[in-house]
Amino acid sequence: LLSQTTIRKATQAFGKKNKNYALSLNDLSFIYYFLQQYTEAKKVSNEALEVISNTVGKNDSDYATILNNNGAFREKLGDYTNTEKLYYESMSIRERLFTQKSLEYAQSLNNLGNYYVETGNLSLAEKDLKQALEIQMQINGKDYEYAKKLNNLGNVNMNMGRYAIAETQFKEALSI
C-alpha cells in the first residue's frame, strides 16, 4: 500500500516520535476504515494518538482530528461508550482552538449527531445536527458539506416519522 510506503519513509525521515509520522498513521487508519477493517483502523489510530499526544500534546488540531477519527472507528466496532467520550473530547479541543462558530466545531457536532442517530438518541442527534447545519450555512452557505449535513438531518426526521420534513430536506440536499 502507498500509505505503508509513506509511513516507512516518514519513519526514515523523521523517526517514530514525530507529528508527521502520526499523521501518516492517521492516513493509513483511514484506508483500513474504508476497507472496513475497523479493528486494524482502531489499532493504527491508537498508535497515531499516542505519538501525536507525546509530540505536540493534546491541545492541537491534528490531535483533535485523530481523536475524532478514532471515535469513528470505535463507533463501527460498537464501542459506544468510548466513542461518545472521544467525540466530546475532540469537540472540546476544537471549541478552544477554533470557537463554536467554526467548520471544525461543526464537523464535530455532525459526527456526534450521527453517533446519536446510531445509538437511537434522536433528540440529541437533531439538536447537534441542526447546530452543525447552521454553522455550515453561516460560513460557507449551501455547499457540498451543507448538503451532507442536511441529508443527515433528513435521516433524523425520517427516523422520527416526520416524513414530509425529511423529504424536503433530502430534495434540497440532492439539488445542491
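**Helix pairs, two cores and two loop residues in a predicted model**

Let me begin in a loop: Gln-36 sits between H2 and H3, where helices, like strands, are DSSP runs numbered from the N terminus (H or I over at least four residues for a helix, E over at least two for a strand). This is a predicted model, in which local features need pLDDT of at least 70 and side-chain atom pairs count only at pLDDT 80 or more, while totals for chains, interfaces and linings use all residues. Residues are numbered from 1 along each chain as its sequence is written, and side-chain values use heavy atoms, with hydrogens and water left out.

Gln-36 has a phi near 60 degrees, a positive value in a residue other than glycine. As for its surroundings, Gln-36 is exposed, with a relative accessible area of 59%; by the convention used here, buried means under 20% relative accessible area, exposed over 50%, and partly exposed in between, with a 1.4 Å probe and protein chains only. A second case is Thr-99, in the loop between H5 and H6, which has a positive phi of about 85 degrees although it is not a glycine. Thr-99 is partly exposed, at a relative accessible area of 44%. As background, most residues other than glycine have a negative phi, and most peptide bonds are trans.

Now to the helix pairs. The axes of helix H3, residues 38-55, and helix H4, residues 61-76, come within 9 Å and cross at roughly 155 degrees; axes here are lines fitted to C-alpha atoms, for helices over the stretch in contact, and angles run from 0 to 180 degrees between N-to-C directions. H3 is therefore roughly antiparallel to H4, given that angles under 35 degrees count as roughly parallel, over 145 as roughly antiparallel, 65 to 115 as roughly perpendicular and the rest as oblique. H3 passes H4 in a left-handed crossing, meaning that the near helix is turned anticlockwise from the far one by less than a right angle, with clockwise being right-handed. Among the residues making this contact are Tyr-38, Ser-45 and Ile-52 of H3 and Tyr-63, Ile-66 and Phe-73 of H4, where contact means heavy atoms within 4.5 Å. By class, the residues of this contact divide into 9 nonpolar, 4 polar and 4 charged; Ala, Val, Leu, Ile, Met, Phe, Trp, Tyr, Cys and Pro count as nonpolar, Asp, Glu, Lys and Arg as charged, and the others, Gly among them, as polar.

Is Ser-45 of H3 buried or exposed? At 0% relative accessibility, Ser-45 counts as buried, and, leaving aside its neighbours within four places in sequence, Ser-45 is in contact with Ser-29, Ile-66, Asn-70 and Phe-73.

A second pair is formed by helix H6, residues 103-119, and helix H7, residues 122-140, which pack at an angle of about 155 degrees with their axes 8 Å apart. That angle makes H6 roughly antiparallel to H7, and the crossing is again described as left-handed. This contact has 14 nonpolar, 6 polar and 1 charged residues.

Within H7 we find Ile-135, which is buried, with a relative accessible area of 2%. Beyond its neighbours within four places in sequence, Ile-135 is in contact with Gln-100, Lys-101, Ser-102, Tyr-105, Ala-106 and Leu-109. By contrast with those contacts, the C-alpha atoms of Ile-135 and Arg-162, 27 residues apart along the chain, are separated by 23 Å.

The third pair joins helix H8, residues 144-159, and helix H9, residues 163-175, whose axes come within 8 Å and cross at roughly 165 degrees. H8 is thus roughly antiparallel to H9, and their crossing is left-handed. The residues of the contact divide into 10 nonpolar, 5 polar and 1 charged.

Finally, the cores. The largest nonpolar core has 21 residues, and those with the most contacts inside it are Leu-25, Tyr-63 and Leu-67; a nonpolar core is a set of buried Ala, Val, Leu, Ile, Met, Phe, Trp, Tyr and Cys residues joined through side-chain atoms within 4.5 Å. Helix H2 (19-34), H3, H4 and helix H5 (80-98) each supply at least two residues of this core, and the largest share, 7 residues, comes from H3. Apart from this core lies another, of 20 residues, among them Leu-109, Tyr-116, Ala-125 and Ala-147.
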